[in-house]
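Open your viewer, load the model, and keep the selection box handy. This tour moves from one selection to another and says what is there at each stop.

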Amino acid sequence: MADHGYEGGRLDLPFVGISTFGKREYVTDWDAIEADVAIMGAPFDFGTQWRSGARFGPRGVREASTLFSFGHAGAYDHEDDATYLPSSVRIVDIGDADIVHTDTMKSHANIEAGVRAILKAGALPVVIGGDHSINIPCINAFDDQEDIHILQIDAHLDFVDVRHGVRYGHGNPMRRAAEKPYVTGLTQVGIRNVSSTAKEGYEDARSMGSDILSVRQARKLGPQGVIDRIPEGARVYVTIDIDGFCPSIAPGTGTPSHGGFLYYDVLEMMQALAKRHDVVGIDLVEVAPDYDPTGGTSILAAQILLNMLGFIFHERENR
C-alpha cells in the first residue's frame, strides 16, 4: 500500500502552516531551482481598466491551494483510474516577482526574470497573476526557446494594439504575443458578449493567426474538437483568465462576463490538451479575491491548476 503520509509526522491540515502553493517547498534562491514545476506569483494589477484587486490573486490562490495539500502520495481519480501528481513530480514555490508600484516596465521586467530563471532550471513555469498584462513578460521570457502556440481561455480577446498610449495593459497581451516571431499562432477560446477589443482588433487577430471561438462555439465542438484545432505537434503555452469562467462560479474577478465556461468545460479541454500536446508554460490571471467572500473563485483557480499539472505529468510519464 502506498505511504499516504498519515502514518507518521504531523497531520498538517490545510489551515495549519504557511500558504505556499499546495504547501510545497519554498525556494528563495532563483539560481537553485531543482524541480519539475515552479510556481511564481505576479501580484501586479496596474494594467486594469476597471476594478483592481488582482494583486491579491497569488495570495488568494495559494491559500486556496492548501485545501488540496493533504499528505497523500498523489491524488487518485476513480473516473480515470489514475493517480495524479505522485511524489515523483516535484513542485516548488519560488515566491513572487517584485512589483514596483506604478512602474509597469520594471514590474514586468521582474516577472520576466522569474520566468527565465524557471526555464533555465528546466522546470515548467506556472505564474499566478495579477492582471492579464503579466502574460506579456511571461511570453517575452520564451524568446530563446523553441516556437510556441498560445491557448487562451478568456471572456475577452485582449488584442488591443494601443489605446491612449497604453501598450502593456491587460487589454494588450494577446496582441503583444502575436507580434513575436516565435509565437506561431493563438487559439482564443471563450470570447463573448461585449468585448474590450473593437471589430478591427478581431480582424487584426485573425490576420495575425488567431483562431477565435466563443463559449457556444466551443461547446458545439466539444473539448476534444477545440483542442484538435491547435496545430499538431505545437508546443503550447496556456493562459487562463478566470473571467473565462461564468461569474456564477467565479465572481472574484475585475471584469466578469456572464455566459462563461463551467468547470468541466475547461477541465476537459485541459485534459485533451495534455494528451495531444506538450504544455510548456501556464499563467492564470485576474483572480481578485475581495470580490468573492466565499473564496470559491480562488479554490476554482487552485483546483484547475493542480488538475492541469496532474494531467501534464501523467501524460509525460506514460508517453
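**Helix H2**

Start by selecting Ser107, His108, Ile111, Glu112, Gly114, Val115, Ala117, Ile118 and Leu119, the buried residues of H2. Keep in mind that this is a predicted model. An α-helix has 3.6 residues a turn, so residues three or four places apart point the same way. To see what covers the buried residues of H2, add strand S2 (37–42), strand S5 (91–96), strand S6 (124–129) and helix H3 (135–140), which are among the elements doing so.

Now put a distance label on the two end C-alpha atoms of H2, residues 104–120. They are 24 Å apart, and this agrees with expectation because 17 residues at 1.5 Å a residue should span 24 Å.

Next, look at the two ends. At the N-terminal end, Asp103 acts as a cap on H2, with a side-chain oxygen 3.3 Å from the backbone nitrogen of Met105. Following H2 comes Gly122, and its phi is positive, near 80 degrees.

**Asp93, in one of the covering strands**

Strand S5 holds the next stop, Asp93. Is Asp93 buried or exposed? Its relative accessibility is 1%, so Asp93 counts as buried. Show side chains here and you will find a polar contact of 2.7 Å between Asp93 and Arg62. Setting aside neighbours within four places in sequence, the contacts of Asp93 are Thr20, Phe21, Glu25, Tyr26, Val27, Ile39 and Arg62.

**Lys23, before S1**

Go to Lys23, in the segment before strand S1 (25–26). Check the backbone angles: phi of Lys23 is near 60 degrees, a positive value in a residue that is not glycine. With a relative accessibility of 18%, Lys23 counts as buried, because the cut-off is under 20%.

**Asp45 and the loop after S2**

Select Asp45 in the loop between S2 and H1. Asp45 is buried, at 2% relative accessible area. Which residues does Asp45 contact, leaving aside those within four places in sequence? They are Ser52, Gly53, Ala54, Arg55 and Asp131.

**A cis peptide after S6**

Move on to Gly130, in the loop between S6 and H3. Display the peptide bond that runs from Gly129 to Gly130: this bond is cis, and its omega is near 20 degrees.

**Leu67, after H1**

The loop between helix H1 (57–65) and strand S3 (75–77) contains Leu67. At 41% relative accessible area, Leu67 is partly exposed. Add Pro14 and Ile299 to the selection, since these are the residues that Leu67 touches when those up to four places away in sequence are not counted. Leu67 and Ile299 are 232 residues apart along the chain, yet their C-alpha atoms are separated by 8.0 Å.

**Asp144, with a look back at H2**

Now select Asp144, in the loop between H3 and S7. Asp144 counts as exposed, with 55% relative accessibility. The side chain of Asp144 makes a polar contact of 3.2 Å with that of Gln145. For a link back to the opening stop, pick Leu119: from C-alpha to C-alpha, Asp144 and Leu119 are 9.8 Å apart, with their positions 25 residues apart in sequence.

**His164, after S7**

His164 sits in the loop between strand S7 (148–153) and helix H4 (173–178). Its backbone is worth a click: His164 has a positive phi of about 55 degrees although it is not a glycine. Its relative accessibility is 82%, so His164 counts as exposed.

**The second largest pocket**

Switch to a surface view and select Gly47, Gln49, Val166, Gly169 and Asn172. Of the 14 residues that line the second largest pocket, these lie nearest its centre. The pocket holds about 170 Å³ of space. How does its lining divide by residue type? Colour it by class and you will find five nonpolar residues, eight polar and one charged.

**Last stop: helix H8**

Finish with helix H8, residues 263–276. This helix has 14 residues and reaches 20 Å from its first C-alpha to its last, close to the 20 Å expected at 1.5 Å a residue. To pick out its buried residues, select Tyr263, Val266, Leu267, Met269, Met270, Gln271, Ala272, Leu273 and Ala274.

Conventions
Residues numbered from 1 in each chain as written. Predicted model: local features only at pLDDT ≥ 70, side-chain atom pairs only at ≥ 80, totals over all residues. Heavy atoms only, no water. 1 Å grid on protein atoms, 1.4 Å probe; cavity = no way out; pocket = protein on both sides within 12 Å on 5 of 7 lines; lining within 4 Å. Points joined across faces, edges and corners; volume = space filled by probe spheres on them. Nonpolar A, V, L, I, M, F, W, Y, C, P; charged D, E, K, R; others polar. Helix = DSSP H or I, 4+ residues; strand = E, 2+ residues; numbered from the N terminus. Expected span 1.5 Å × (residues − 1). Buried < 20%, exposed > 50% of the residue type's maximum accessible area, 1.4 Å probe, protein only. Contact = heavy atoms within 4.5 Å. Polar contact = N/O pair within 3.5 Å; in protein donor to acceptor, adjacent residues only side chain to side chain.
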